Amino acid sequence: MYTVGLQSAADAFLLSSLKAQVAIALLVLFILLFFGLGSQKDCVVDGAPVFLPGSHLLAITPFFRRRFEFLNNGFHKTGQSLFQFNMLRETVIVVSGESARKSFFANKHFDLTEGFKMLSGAIPVVKGVTSNLQSKRIAQIHKRLSSVQRNEHLNGLIAPILEDCRRVMETWGPSGTFDPFEKIYELLFQITVRSLSCEELADDSVQVARLKGLYDTLDSGTTPATVLLPWLPGPSMLKKLWATKKIYDIIVRAIDQRERSGLSKPDTLQMLLDEKDERLVVVGFIMGLLVAGARATGTTASWLITYLGDHESKDEVIAEVEQLLANYVSSNVSHSLSQQLSSIPLEAWESETPVLDSLIRETLRIAQPHTAMRRNLGPDVTIDGKTIPSGAYVLYPFSDVHLNPDLYPDPWRFDPSREEATAPFGYVGWGGGKTHCLGQRLARLELKLVTSMMLLGFRYSLVDKKGEQLDTPPQPNWNDILLCRPEQGSCYLKHEKSVLSL
């Protein structure tokens, strides 16, 4: 049976002397606390960004729990466009402004992988599978993601994705009320499993729900301690280890099942197997990209459909998709909505939907709370007259550009008719510089298909928990760095099926 050391690592971790590990952990924490409570400002050197006032230990929890608020407060307290703080022994520098943004995205030595590994921590970590990957394996995974988005493969995904939409939406009933940040996200998780793994998993709704629950466990178990002190055997770390092991087992069993069957199926797993990729690459591709794709696309879809609840653009989208149906579907044939939409070719979805394109763009601007994370693996560099030393972590919050009232007047207002910002890197919804979302072609298609099914399949509006209509949609919570969800219970969709057959 194939392993990559996960089982042995888990057994060693759980069966080793827990008392000894806890004693060492407490000793290290005592040392950190004893020597780390002093003010950071005493460490400033000439040419360096100003330090955030106060103890760096007191900055750790806000950075992970209330990042949007923490970074904004940092700029306010320092009065500078760049500031720094310590993450235990590591230097973290936060930059803002147009010139800093240009320097950040243009610097070839600012490494995404190293930055994300240290400061995020919300992915399943398996050494050699999703972390500590050789550059060759990383390049291989990127190459396979590109292959998933070739015309032939994407065309083949349209009908299965729409069938998933039909099946999941039927469970909502002919009418009712639901939380879009739960139900739409669940739908996008299903679609992501369909697009990036295999039929064995995607066709099993129980297994999909289990996978989602395990990834949710990883999210809830991600704490400052699990990111910065991964060797600390606390409850959250044990929970993350358990969830990671379960995810790994589910994916490996699906791969083994396919290989034993000898069957060839038209899905992503088959593509990976046909390419004769190492098992490390196959497992890492599915484990890592499932959660990355579901989080980003699920968040965007939830907000896009929420914003369209009572927005004038809803009628424009419906008209746009109905025109596609008129152009590509015979009026003499009676099919379900999902079957009709699956007759529209990929080229039309990509080139004949400007309204949907503008809606996706605006949703990414206002409801994706990203902070770009890099590590300077090159020499010292100067940004706005301040030195970014080699080895330092560098952050750029997307709020600096996407919520900038000089570039986007009334930035919290959802307005897909906005003119594009002309400033350099004035929009970074899909990334910027040498780092772009490698899965954006697939993500755009998924968003368009789900939105079309929702708008043509249901009449719906926004209501509060009492069922009374909302005058305005809720505001995205940028402190929720993973899903950007508003306050729980603040918004629901009241829906009624508008077609006989989805």
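Start by selecting E259 and R279: their side chains meet in a salt bridge, 2.8 Å from N to O. A salt bridge here is a side-chain nitrogen of Lys or Arg within 4 Å of a carboxyl oxygen of Asp or Glu. E259 lies in helix α13 (residues 235-261) and R279 in helix α15, so the pair ties together parts that are 20 residues apart in sequence. Helices (H or I, at least four residues) and strands (E, at least two) are DSSP runs, numbered from the N terminus.

Before moving on, a word about what is on screen. This is a predicted model, in which local features need pLDDT of at least 70 and side-chain atom pairs count only at pLDDT 80 or more, while totals for chains, interfaces and linings use all residues. Residues are numbered from 1 along each chain as its sequence is written, and side-chain values use heavy atoms, with hydrogens and water left out.

Now color that pair by accessibility. Buried means under 20% relative accessible area, exposed over 50%, and partly exposed in between (1.4 Å probe, protein chains only). E259, at 43% relative accessibility, counts as partly exposed, whereas R279 is buried at 15%.

**More charged pairs**

Next, pick R295 and D219. Their salt bridge is 2.3 Å from N to O. R295 sits in helix α15 (residues 279-307) and D219 in helix α11 (residues 205-220), which puts them 76 residues apart. Both R295 and D219 are buried.

Then go to R194 and D164, whose side chains meet in a salt bridge of 2.9 Å, N to O. This pair links helix α9 (residues 180-196), home of R194, to helix α8 (residues 151-170), home of D164, across 30 residues. R194 and D164 are both buried. Add R167 and D203 to the selection: salt bridges that share partners join D164, R167, R194 and D203 into one network. The salt-bridge count comes to 27.

**A covered strand**

Select residues 82-87, strand β2. Is this strand buried or exposed? Of its 6 residues, 6 are buried, so the strand is largely enclosed by the rest of the structure. In a regular strand, side chains alternate between the two faces of the sheet. Turn β2 to check each side: L82, Q84 and N86 are buried on one, and F83, F85 and M87 on the other.

Now bring in its partners; two strands pair if DSSP finds at least two bridges between them. Strand β1 (residues 50-51) runs parallel to β2, joined by 2 bridges, and F51 has Q84 as its bridge partner. Strand β3 (residues 90-95) runs antiparallel to β2, with 6 bridges, and L82 stands opposite V95. At the hairpin of β2 and β3, with 2 residues between the strands, look for L88: it takes a positive phi near 55 degrees.

**An open sheet**

Jump to the open sheet of 3 strands, ordered β5-β13-β12 with antiparallel pairing. At its edges are β5 (175-178) and β12 (458-463), each with a single partner strand, so one side of each is left without a neighbour in the sheet. Zoom in on β12 and β13 (residues 492-497), where 6 bridges join the antiparallel strands and Y460 stands opposite H495.

**Cysteines and the whole view**

Highlight C165, buried at 0% relative accessibility, and C198, buried at 2%. How many disulfides does the whole structure hold? The search finds 0, a disulfide being a pair of cysteine sulfur atoms within 2.5 Å.

Finally, zoom out. The protein has 21 helices and 13 strands, and buried residues make up 54% of its 502 residues.
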